[in-house]
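Welcome! Open your viewer, get a cartoon view ready, and let us walk through this protein one selection at a time.

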Amino acid sequence: MLFFIRSKVVHVDCFTCRNTVYQNSSIQYSSHFFPEWWKKLDKSINLNDGLVNVDYPTMKSCQGFLDYFGNSLTIPLWSDLAVRVGPINSNKLSWKFSDATTDCVIHPTFQRGEEYLPDKNYVHLKILSPWLLKCKDDINFSFQGAFWNFKEPESVIIPPGILNFKYQSDTNINTFFTREKQNKNIFFKFGQPLVQIRPYSERRLKIKTHLIDEKEFSNMHLPRISFGKTYKIFKNVSSSKCPMGF
């Protein structure tokens, strides 16, 4: 009889082929990215109305907030990013990274339909991340914007989603920006936390970062085996293999 002992931790390996990213803006546990405004808070504020004298807790001791930053990893921005969004009803959008290397792509509107975040009021931009993640366990991970780390959260929409790093490795970041009556410029500084990634598991997360060469990095991308539904096809093929490797 065979017995499988499940690890007490979820191992996630994080790969990049860019040395400057690896050395200066590495993926880390989210607990390294508690926002500065939160750090400055007192744990409680004394409120005395003459009848009741009580130390009222602040967000510094909010367990929901602490748990949000626990057992997750964060991808920080590895380069300054400047974005210019054209006015309502225009199709203008431009961006520039200080590293002169990172690029973005724009998904066509038909992929989400005309009704949701319509082009006249919003614009889509996908940031191509320099990080690929792998996990040997078949575990889903939540992928969501680092809301509490943005001083102006309304400046960018980072839609949430689910990823499984056993079957694919990309961590590209979809963003939406709102159009206004005039052109507007948005600037994100190097080191700005962008997304938090959390396993749907109570097991402790353990991450390890790796610097690899460009060829190995390229080979880790999901193979384009179909014109559509590549992820679903690849997952079905991979999950149908014998777990013992036969």
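Before the first stop, one term: two residues are in contact when heavy atoms of theirs lie within 4.5 Å. Keep in mind, too, that what you are looking at is a predicted model.

**Stop 1: the core**

Select V12 and show its side chain. Which residues is V12 in contact with, leaving aside its neighbours within four places in sequence? The list is L73, L133, K134, C135, F141, L205, K206, I207 and K208. Now add F177 to your selection. Along with V12, L73, L133 and F141, F177 touches the most other members of the largest nonpolar core. That core has 37 residues. In soluble globular proteins, nonpolar side chains tend to be buried together.

**Stop 2: the sheet of five strands**

L73, which you have just met as a contact of V12, takes you to the next selection: strand β5, residues 73-76. Strand β5 belongs to an open sheet of 5 strands, and their order is β2-β5-β15-β11-β12. The pairing in this sheet is antiparallel. Colour β2 (28-29) and β12 (161-164) to mark the edges, as each of these strands pairs on one side only. Next, select strand β15, residues 193-199. How many bridges join β5 and β15? There are 4, in the antiparallel sense. To see one pair, pick T74 and look for its bridge partner in β15, Q196. Strands of a sheet pair through backbone hydrogen bonds, either parallel or antiparallel.

**Stop 3: the sheet of three strands**

Move on to strand β6, residues 81-85. Here 3 strands form another open sheet, ordered β7-β6-β14, again with antiparallel pairing. Its edge strands are β7 (93-97) and β14 (184-188), each pairing on one side only. On average, neighbouring strands of this sheet are turned by 15 degrees against each other, direction ignored. Between β6 and β7 you can look for 5 bridges. Select V85 and you will find L93 of β7 standing opposite.

**Stop 4: the cavity**

Rolling a probe the size of a water molecule over the atoms shows where empty space is left. In this model, the count comes to 1 cavity of 30 Å³ or more, and the largest cavity has a volume of about 80 Å³. Select its lining: L77, L81, L125, I127, F150, V156, I158, I173, T175, F177, F188 and L194. Which strand gives the most to this lining? It is β13, with 3 residues. Both β13 (173-178) and β9 (122-127) supply at least two lining residues. Finish at F177, a lining residue of the cavity that you already met in the core.

Conventions
Residues numbered from 1 in each chain as written. Predicted model: local features only at pLDDT ≥ 70, side-chain atom pairs only at ≥ 80, totals over all residues. Heavy atoms only, no water. Core = buried A, V, L, I, M, F, W, Y, C linked by side-chain atoms within 4.5 Å. Buried < 20%, exposed > 50% of the residue type's maximum accessible area, 1.4 Å probe, protein only. Pairing = 2+ DSSP bridges. Axes fitted to C-alpha atoms, helices over the stretch in contact; angles between N-to-C directions. 1 Å grid on protein atoms, 1.4 Å probe; cavity = no way out; pocket = protein on both sides within 12 Å on 5 of 7 lines; lining within 4 Å. Points joined across faces, edges and corners; volume = space filled by probe spheres on them.
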